[in-house]
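Got your viewer open? Let's take a short walk through this model, one selection at a time.

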Amino acid sequence: MTHPAGPVRATTLEHRPICQRPVSIPADMDDRSLPKATGTVVLPPHIAWSFPSEHNLEDPKQLRYAYERVMTEGLEDDVRFYIDIDVLLKVWDELWLSPHVRDAWYEWLRRRRLVA
């Protein structure tokens, strides 16, 4: 069948992200003296711009969801406070992260924590 404007050719669309937010990974993430969030937390509006904003970090599902949001939307101070690297390593394989966020964190973990 011919299209009114002529033959229709299949085209391949190149996958290019329209907009990628920078990924915040503070240089001092491994500093164990930094205070870390525990228990139930309320994420700030610039991270939790949609519902829910309250997460119980003792609940594995809520912890993963909070980590995904902070790692994707958080600024350096947010990441420092909400993300515990030891906990992150335990839940890493269960997190749903966009490829550019996962790649950035994977590189940091590989260099700092010798993750293979």
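Is Arg 80 buried or exposed? Keep in mind as you look that this is a predicted model. Select Arg 80: its relative accessibility is 17%, so it counts as buried, the cut-off for that being under 20%.

Now add Asp 28, which forms a salt bridge with Arg 80; the closest N and O atoms are 2.7 Å apart. This pair links distant parts of the chain, with Asp 28 in the segment before S1 and Arg 80 in helix H2 (residues 76-82), 52 residues apart. Asp 28 has 29% relative accessibility, so it counts as partly exposed.

Next stop: Asp 86 and Arg 32. They form a salt bridge too, with the closest N and O atoms 2.5 Å apart. Asp 86 sits in helix H3 (residues 85-91), while Arg 32 is in the segment before S1, 54 residues away. Arg 32 counts as exposed at 63% relative accessibility. Then go back to Asp 28 and Arg 80 and select Glu 76 and Asp 77 as well: salt bridges with shared partners join these four into one network.

Now pick Arg 21 and Glu 73, another salt bridge, at 3.2 Å between the closest N and O atoms. Arg 21 lies before strand S1 (40-42) and Glu 73 in helix H1 (residues 60-73), so the pair ties together parts 52 residues apart in sequence. In total, the structure holds 8 salt bridges.

Stay on Glu 73, since it also helps line the largest pocket, along with residues including Trp 49, Tyr 65 and Trp 96. That pocket has about 220 Å³ of space, and its lining divides into 5 nonpolar, 3 polar and 3 charged residues.

Conventions. Residues are numbered from 1 along each chain as its sequence is written. This is a predicted model: local features need pLDDT of at least 70, side-chain atom pairs count only at pLDDT 80 or more; totals for chains, interfaces and linings use all residues. Side-chain values use heavy atoms; hydrogens and water are left out. On a 1 Å grid over the protein atoms alone, a cavity is a set of points where a 1.4 Å probe fits but cannot get out, and a pocket is an open set with protein on both sides within 12 Å along at least five of seven lines; lining residues have an atom within 4 Å of a point. Grid points are joined across faces, edges and corners, and a volume is the space filled by probe spheres set on the points. Ala, Val, Leu, Ile, Met, Phe, Trp, Tyr, Cys and Pro count as nonpolar, Asp, Glu, Lys and Arg as charged, and the others, Gly among them, as polar. A salt bridge is a side-chain nitrogen of Lys or Arg within 4 Å of a carboxyl oxygen of Asp or Glu. Helices (H or I, at least four residues) and strands (E, at least two) are DSSP runs, numbered from the N terminus. Buried means under 20% relative accessible area, exposed over 50%, partly exposed in between (1.4 Å probe, protein chains only).
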